[in-house]
Amino acid sequence: MNRDSEFMALALEQARKSYEEGGVPVGAVMVEGGKVIASGHNQRVQNGNPIAHGEMDCIRKAGRRVRYGDVTLYTTLSPCMMCAGAIVQFGVGRVVVGEERNFRGNAGFLREHGVEVTLLDDDGCRSLMDAFIAERPDLWDEDIAGNG
C-alpha cells in the first residue's frame, strides 16, 4: 500500500467515527515528514456547530504553526469552499482527496491557488458516503446547503 493510501485509511477511520456518532462521515488527517500531526472528523451534528467540518477540525487540532507548506492534508471527501479557503489561507501545500463523486468540492480552486491536489477515488471513502446519503438524505442536504 502506498503512503497516500495508508494515510487515507486513517482519514477514513475518522470518517467512520463521525458516522458512528450520528454525524456526517468526513474525516481528515494532516501529515508532515511522513508523520501524522493531527486528525479530525466532521462534528457539525454532534456539536451543533455548522463550521465543524472534518478538515476544519483537523486544522484546529494541528494548532498554530509558522508554516503549513510542507503539510499534506488527507480528506475523505473533496473540500467545500469553506475548507478550501482555510487550506489556501494557511498555505497547505498538498491535499489528497478520497473521493469527489458524491460532492465535487473545490479542487479547481485549490489548484488555482497553488495547492497540489491528488484524487484517489477511494472505494472505502465513496461507499461510506454513499451509505450515509442513502440513510440520511436530509442531513446530507443540510450539510451541503442544497448544493449537491
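UniProt positions are given here in the numbering used for this structure, with feature names shortened, and such annotations may be inferred rather than shown by experiment. With that in mind, an unreviewed UniProt entry places the feature "domain: CMP/dCMP-type deaminase" at residues 2–112. The C-alpha atoms at the ends of that span lie 27 Å apart, and the span is 42% helix and 20% strand, where helices (H or I, at least four residues) and strands (E, at least two) are DSSP runs numbered from the N terminus.

Before going further, I should say that this is a predicted model, in which local features need pLDDT of at least 70 and side-chain atom pairs count only at pLDDT 80 or more, while totals for chains, interfaces and linings use all residues. Residues are numbered from 1 along each chain as its sequence is written, and side-chain values use heavy atoms, with hydrogens and water left out.

Let me start with strand β4, residues 94–97, which is covered on both faces: R94 and V96 on one side, and V95 and V97 on the other, are all buried, meaning under 20% relative accessible area with a 1.4 Å probe and protein chains only. In a regular strand the side chains alternate between the two faces of the sheet. Strand β3, residues 71–75, runs parallel to β4 and is joined to it by 4 bridges, and β4 also pairs in the parallel sense with β5, residues 116–119, over 4 bridges; pairing requires that DSSP find at least two bridges between the strands. V95 stands opposite L73 in β3 and has V117 as its bridge partner in β5.

What, then, are the buried residues of helix α4? They are C83, A84, A86 and I87, and seen down the helix axis they fall within an arc of 160°, so they line one face of α4; the arc is taken from the directions from the axis to the C-beta atoms. These buried residues pack against α3 (54–62), β3, β4 and α5, with contact meaning heavy atoms within 4.5 Å. After α4 comes G91, whose phi is positive, near 75°.

Finally, the largest nonpolar core, a set of buried Ala, Val, Leu, Ile, Met, Phe, Trp, Tyr and Cys residues joined through side-chain atoms within 4.5 Å, has 19 residues, and those with the most contacts inside it are M30, L73, I87, V92, V95 and L110. Apart from this core lies another, of 12 residues, among them V26, M129, I133 and I144.

Methods
Buried means under 20% relative accessible area, exposed over 50%, partly exposed in between (1.4 Å probe, protein chains only).
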